[in-house]
Amino acid sequence: MGALLETHGVSRRFGGLLAVDSVDIEVVEGEVHGLIGPNGAGKTTMLNLLSGHLPVSTGRIAFEGADITRLPAERRAAAGIRRTFQNLKLFREMSALENVMVGLHASSRAEIIHALLRTPFQKREEAEIAEKARAALAFVGLAHLADQPAGSLPYGHQRLLEIARAFVAKPRLLLLDEPAAGLNGGESRHLVDFIQRIRAAGTTIVLIEHHMDVVMPTCDRITVLNYGKLLARGTPAEIRADSAVIGAYLGKGALAAAAAIRNAEAAHAPH
C-alpha cells in the first residue's frame, strides 16, 4: 500500500520555541501508525498541524498525493481527515445521538433555506444522518444510550462517543489524540479491539498514546518524537528495543518541555 499521508520537513514555532522541528512522517494506507514520545515531545502539536487546527511554520503536508499544507481544518475534514481531542470536545447538553450527527452535518447538502422551510429534501437528509449516527453508536456499543445527554455518560463512554462522532463520516484518515486517557485497564483493552475494528472497516489511523499497552499491540509502525524532533521510527519490536527511545522516556526535563509547549500554544490560540 502507498503513503496516504506524508509530511516533509514540517516545523511549528511559537515565538522562540520550536515545538516541532523538521519532522518527516509517512503514514501508509490501511495501517495504524503510532505517534509517541515523552511529555513535551510535540505529539499533539503535530496532530494539530496534520488536522489543520494549527498552520505549519515551514514544511509541507500531502494527503493522497495532494498538497494540503494551507488547507483549513474544515477543508481537510471534507477531504476525509477527522480527529478526536485529548480533552473531550463533546456538546454535553446534547444527546449522544445528536453529538454523533454533528459529525455528518459538515457534509450535508441541504442549505439554510431547506432547514427553515423543512422541505422534504431536508427531512430525508436529516433522517439519513440520524440513521448513520445510530449505526456509529452501535459500532462503539452505545446504541442503548442514544438519547442520553452526553455529559451524563461515564467518562469511558464519552471517549467512545467522541470517536463515534469522528468515525461516523467514514474518514480515510482518523487522528486519535490519547483515546485511552482516563480509561481503566478493562476499558483500555476494549479500546485496542475497537481500534482494530475501525482499521478493518477501511480507515487508516494515526494514534497518539502514552499507554504502551495500547500502542504496542495496536500499531503497525511507530514514529517517536523527542523535544519536537524525530527520534526513531520502526515496528513496535524495533521501537521497544531502541536505546535512544528508552533513554528519552527515562530522561529528565520532559515535564518542563510539556509545560512550555502548552503555554506557547495557549498564548497563540485563536480567541
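A polar contact is a pair of N or O atoms within 3.5 Å. By that criterion, N184 caps the N-terminal end of helix α7 in this predicted model. A side-chain oxygen of N184 lies 3.2 Å from the backbone nitrogen of G186.

The protein chain contains 11 helices and 10 strands. Of its 271 residues, 48% count as buried. Among contacts with a separation of 6 or more, 68% are accounted for by residues 24 or more positions apart.

Helix α7 has 16 residues. From its first C-alpha to its last, α7 reaches 23 Å. That span is close to the 22 Å expected at 1.5 Å a residue. Buried residues of α7 are S188, L191, V192, F194, I195 and I198. An α-helix has 3.6 residues a turn, so residues three or four places apart point the same way. After α7 comes G202, with a positive phi near 105°.

Helix α1 spans residues 43-51 and is mostly covered. Eight of its nine residues are buried. They are K43, T45, M46, L47, N48, L49, L50 and S51. Just after α1, G52 also takes a positive phi, of about 90°.

Aromatic contacts involve α7 as well. The count comes to two aromatic pairs. In one of them, F139 and F194, the ring centres are 5.6 Å apart and the planes stand at 55°, so the pair is tilted. F139 lies in helix α5 (residues 120-139) and F194 in α7 (residues 185-200), so the pair ties together parts that are 55 residues apart in sequence. Both F139 and F194 are buried. With F167, these two residues form one aromatic cluster.

Charged groups also lie over rings. R197 sits over the face of F139, at 4.1 Å from the ring centre. The ring of F139 thus belongs to the aromatic cluster and has R197 over its face. Elsewhere, the charged end of R83 sits over the ring of F85, 4.0 Å from its centre.

An open sheet is formed by four strands in the order β2-β1-β4-β5. Its pairing is antiparallel. The edge strands are β2 and β5 (66-67), each of which pairs on one side only. Strands of a sheet pair through backbone hydrogen bonds, either parallel or antiparallel.

Strand β1 (residues 3-14) is joined to β2 by eight bridges. A3 has V28 as its bridge partner in β2. Two residues separate the strands in the hairpin of β1 and β2. In this hairpin, G15 takes a positive phi near 60°. At the other edge, two bridges join β4 (residues 58-63) to β5. The bridge partner of A62 in β5 is D67.

V28 also takes part in a polar contact with E31. The side chain of E31 reaches the backbone nitrogen of V28 at 2.9 Å. E31 is placed in the loop between β2 (17-28) and β3 (32-36). Its relative accessibility is 6%, under the 20% cut-off, so E31 counts as buried. Leaving aside residues up to four places away in sequence, E31 touches E26, R199, T204, I205, D220 and R221. One of these, R199, falls within the residue range of α7 (185-200).

A second buried loop residue is G228. This glycine lies between β9 (221-226) and β10 (229-234). G228 counts as buried because its relative accessibility is 0%. With residues up to four places away in sequence set aside, G228 touches A19, V20, D21, V23, G40 and A41. Among these, A19, V20, D21 and V23 fall within the range of β2 (17-28). S22 falls in that range too. The C-alpha atoms of G228 and S22 are separated by 8.4 Å, although the two residues are 206 residues apart along the chain.

Definitions and conventions:
Residues numbered from 1 in each chain as written. Predicted model: local features only at pLDDT ≥ 70, side-chain atom pairs only at ≥ 80, totals over all residues. Heavy atoms only, no water. Buried < 20%, exposed > 50% of the residue type's maximum accessible area, 1.4 Å probe, protein only. Polar contact = N/O pair within 3.5 Å; in protein donor to acceptor, adjacent residues only side chain to side chain. Contact = heavy atoms within 4.5 Å. Phe/Tyr/Trp six-rings, centres within 6.5 Å; stacked < 30°, edge-to-face > 60°. Lys NZ or Arg CZ within 6 Å of the ring centre and 35° of its normal. Pairing = 2+ DSSP bridges. Expected span 1.5 Å × (residues − 1).
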